[in-house]
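Work through the exercises below with the sequence and the 3D view open. Try each task before reading its solution.

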Amino acid sequence: MRFRARAPLRISFGGGGTDVPPYCWEEGGAVVNSTIDRYAYATFEPGGESVVLESSDMVLRREYPVHSADPRGSEDPGAGPGLQYDGELDLLKAAAKVAGAEGGGGFRLTTYSQAPPGSGMGGSSSLAVAIIGAIASARGKVDRMDVAMLAYRAEREELGQRGGYQDQLAAAHGGFNYMEFSRSGISVVPLRLERWVVLELEARSILLYTGRGRLSSRIHEDVDRRNREDPGAGSAYREELRRVAREMRSALERGDLGEFGELLREGWEAKRRMSPLVSDGLADRAYARAMELGAGGGKVLGAGGGGHLFLFAEPERRGGIIRELEGMGLVNVPFSFELEGGLATWRI
């Protein structure tokens, strides 16, 4: 039997960076995001005499003997028997390990992602959530919060990739959410927006791919370094981002999309002050040109530095903005918001 799972990508509107420990526990964090109809998929097939890992979008397949200490002959213990972290399909290995697939005999794990590497839309977290969701489905119990926390563990602890919690939580829960982080824990609050608000958000939203990926962990590490050098400035930037997220939640619930666009702009300006790596030349030029053409707000998604640019503009201005930015080399990415509940699992 094959167990499949699908987890959506996300757009972070405001507060990104305040979900990163230790800041989210010491100072508190607040994030507003939504998932979209772009997905990561995983298929888990237990059984067999080997562990087969395959990424169909990367066209990469590797097979490991179940009881091999190291399929490459290295003495590095890595991820454990048969699944060493060696730069090839490491996310698949880490997610399978934390989900408990390792040590239970052979299996086949196949994945596919609609997100290009470094997209800024939480693609690696969505993939980790899908993998862990598929394995959990094979064991008969899928708890969204547990899956999200295991995905965080796979990325942040197993692979040492610096980052926050919002990507895994968004992929697992789906929809529009307001997330809070504090010493007492994590709260995920679904935003019950009126239908016209969601439709108008879609009508005003523009998503463009810059064609340039980025390593979010590198950006987070630079932010950490700067925070150590000037803790007061870092704390002030994060307080501004938390304020933006809180006010953004209120604006969305009230249907004040003019204020939402302005808060997008304020949040992006605050975030780019945290590190010069948050933006790059092409994204800056495209954003500036969009503002000249009448966009009400926008930001580079994720940690920044490339990937996707999200813009917010009146529908009457969308066409002109898209044509102008496509002329600069960006690619328009049509999308809709995903409201089906995030992680989905099934068996065939």
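**Exercise 1. Which residues is Leu309 in contact with, leaving aside its neighbours within four places in sequence?**

Step 1. Apply the cut-off: contact means heavy atoms within 4.5 Å.
Step 2. With neighbours within four places in sequence left aside, Leu309 is in contact with Ile206, Leu207, Leu208, Ala286, Tyr287, Lys299, Val300, Leu325 and Leu330.
Step 3. Place the residue: Leu309 belongs to strand 10, residues 308-312. Helices (H or I, at least four residues) and strands (E, at least two) are DSSP runs, numbered from the N terminus.
Step 4. Check its cover. Buried means under 20% relative accessible area, exposed over 50%, and partly exposed in between, with a 1.4 Å probe and protein chains only. Leu309 has a relative accessible area of 0%, so it is buried.
Step 5. Take one distance: the C-alpha atoms of Leu309 and Ala283 are separated by 7.1 Å, and the two residues are 26 residues apart along the chain.

A note on the model: it is predicted, local features need pLDDT of at least 70, side-chain atom pairs count only at pLDDT 80 or more, and totals for chains, interfaces and linings use all residues. Residues are numbered from 1 along each chain as its sequence is written, and side-chain values use heavy atoms, with hydrogens and water left out.

**Exercise 2. Describe the surroundings of Leu257 in the same manner.**

Step 1. Leu257 lies in helix 9, which covers residues 257-272.
Step 2. Its relative accessibility is 4%, so Leu257 counts as buried.
Step 3. Apart from neighbours within four places in sequence, Leu257 is in contact with Val197, Glu200, Leu201, Arg204, Leu252 and Phe312.
Step 4. Gly296 is 39 residues from Leu257 along the chain, and their C-alpha atoms are separated by 9.6 Å.

**Exercise 3. How many residues of helix 5 are buried, and what do they pack against?**

Step 1. Seven of the eight residues of helix 5 are buried, so the helix is mostly covered.
Step 2. These are Gln166, Asp167, Gln168, Leu169, Ala170, Ala171 and Ala172.
Step 3. The buried residues of helix 5 pack against strand 1, strand 2 (29-46), helix 3 (123-138), helix 4, strand 6 (176-182) and strand 7 (185-190).
Step 4. Gly174, just after helix 5, takes a positive phi of about 75°.

**Exercise 4. Examine the aromatic pairs.**

Step 1. Rings of Phe, Tyr and Trp (its six-membered ring) pair if their centres lie within 6.5 Å; planes under 30 degrees apart count as stacked, over 60 as edge-to-face and the rest as tilted.
Step 2. By this rule there are 14 aromatic pairs.
Step 3. The ring centres of Trp25 and Tyr165 are 5.4 Å apart and the planes stand at 65°, so this pair is edge-to-face.
Step 4. Trp25 is in helix 1 (residues 23-26) and Tyr165 is in the loop between helix 4 (144-158) and helix 5 (166-173), so the pair ties together parts 140 residues apart in sequence.
Step 5. Trp25 is partly exposed at a relative accessible area of 27%, whereas Tyr165 counts as buried at 10%.
Step 6. For Phe335 and Phe337 the centres are 5.4 Å apart and the planes at 85°, so this pair is also edge-to-face. Both Phe335 and Phe337 are buried.
Step 7. Ring pairs join Phe13, Phe176, Phe260, Phe310, Phe312, Phe335 and Phe337 into a cluster.

**Exercise 5. Find the backbone features in the loops around Pro22, Val59 and Leu89.**

Step 1. The peptide bond from Pro21 to Pro22 is cis, with omega near 5°. Pro22 sits in the loop between strand 1 (3-14) and helix 1.
Step 2. Val59 is not a glycine, yet it has a positive phi of about 50°. Its loop runs between strand 3 (50-55) and strand 4 (60-65), and Val59 is exposed, with a relative accessible area of 74%.
Step 3. Leu89, not a glycine either, has a positive phi of about 55°. Leu89 is placed in the loop between strand 4 and helix 2 (90-98) and is buried, with a relative accessible area of 7%.

**Exercise 6. Summarise the protein chain.**

Step 1. The protein chain has 11 helices and 12 strands.
Step 2. Of its 348 residues, 54% count as buried.
Step 3. Along its principal axes, the C-alpha trace spans about 60 × 45 × 40 Å.
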